[in-house]
Amino acid sequence: LPKYRKWFEEHAGSLDWQLLAAMSYQESHWDPRAKSPTGVRGMMMLTLPTAKDLGVTSRLDAEQSIRGGSQYLQELIRRIPDRIRHPDRIWFALAAYNVGMGHLEDARILTERQGANPDLWVDVKLRLPLLRQKKHYKTTRYGYARGDEAVTYVSNIRRYYDTLVWLEEQREKQQPQSLPESESIE
């Protein structure tokens, strides 16, 4: 993390850099050369079309990948309906980063059909795994999805984020406090 922290901070935009770092850890374990069998690559595991849309010319370039992943997540957050409040907006956007906005919307529709609140992550995360079951996905616009993986994805990022926040708090406690100028020893 120390090697890439400056880029997480620089490219976080409106996001907490630690959330972006936690997401990258989930995606690639901070390996800029990471590659999945599905063809996504880099620190933020961008698809080739997404990278191209974001102006990322090399998905294996750590800074470009972090910048692109941050831009994409912020774009997804903007696409989440305004009525969905923080922190649920973040959890929905992270799920969409993993499974796609269409599948997230399918899960929200299933949630509403089942009488739960489609604007609460706690309710939608129970329905995302249903997108694996034919009796459910055949009634949706985007069909089959590994929604359970998106739920695990969000859960892991939340856990990594909490860990990074805690570690940063510990680090700050360990640093010596500077004295105000009026109290400094001359």
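**Helices and their packing**

Trainee: In what order do the elements of the protein chain run from the N terminus on?

Mentor: Start at the N terminus and read the elements off one by one; a helix is a DSSP run (H or I) of at least four residues, a strand a run (E) of at least two, numbered from that end. This is a predicted model, where local features need pLDDT of at least 70 and side-chain atom pairs 80 or more, while totals for chains, interfaces and linings use all residues. Residues are numbered from 1 along each chain as its sequence is written, and side-chain values use heavy atoms, without hydrogens and water. The order you get is α-α-α-α-α-α-α-α-α.

Trainee: How many helices and how many strands does the secondary structure of the protein chain come to?

Mentor: The run you just read holds nothing but α elements. The tally for the protein chain is 9 helices and 0 strands.

Trainee: What box do the C-alpha atoms of the protein chain fill?

Mentor: Picture a box set along the principal axes. For the C-alpha atoms of the protein chain, that box is roughly 75 × 40 × 25 Å.

Trainee: On to the pairs! Are H4 and H5 oblique or parallel?

Mentor: Fit lines to the C-alpha atoms over the stretch in contact, and take the angle (0 to 180 degrees) between N-to-C directions. The axes of helix H4 (residues 62-79) and H5 come within 9 Å and cross at roughly 120°. Under 35 degrees is roughly parallel, over 145 roughly antiparallel, 65 to 115 roughly perpendicular, and the rest oblique. That's why H4 is, relative to H5, oblique.

Trainee: How many nonpolar, polar and charged residues has the contact of H4 with H5?

Mentor: On the H4 side you'll find Gly-69, Tyr-72, Leu-73, Leu-76, Ile-77 and Arg-78, and they meet Arg-89, Ile-90, Ala-93, Leu-94, Ala-96 and Tyr-97 of H5; contact means heavy atoms within 4.5 Å. Ala, Val, Leu, Ile, Met, Phe, Trp, Tyr, Cys and Pro count as nonpolar, Asp, Glu, Lys and Arg as charged, and the others, Gly among them, as polar. Sorted that way, the contact of H4 with H5 has 9 nonpolar, 1 polar and 2 charged residues.

Trainee: At what angle do H5 and H6 pack?

Mentor: H6 covers residues 101-113, and its axis and that of H5 are 7 Å apart. Their angle makes H5 oblique to H6. The value itself is about 125°.

Trainee: How do the residues of the contact of H5 with H6 divide?

Mentor: H5 brings Phe-92, Ala-95, Ala-96 and Val-99, while H6 brings Met-101, His-103, Leu-104 and Arg-108. Put them in their classes and the contact of H5 with H6 has 6 nonpolar, 1 polar and 1 charged.

Trainee: Which residues in H9 do those of H5 meet?

Mentor: The axes of H5 and H9 come within 9 Å and cross at roughly 130°, so this pair is oblique too. From H5, the partners are Trp-91, Leu-94, Ala-95, Tyr-97, Asn-98 and Val-99. In H9 they meet Glu-149, Ala-150, Tyr-153, Val-154, Ile-157 and Arg-158.

Trainee: Which peptide bond is cis?

Mentor: Most peptide bonds are trans, so a cis one is worth a look. Check the loop between H4 and H5, where Pro-87 has its place. With omega near 5°, the cis bond is the one from His-86 to Pro-87.

Trainee: And what is phi of Trp-30 near?

Mentor: Look in the loop between H2 and helix H3 (48-53), where Trp-30 lies. Trp-30 is a residue other than glycine, yet its phi is positive, near 60°.
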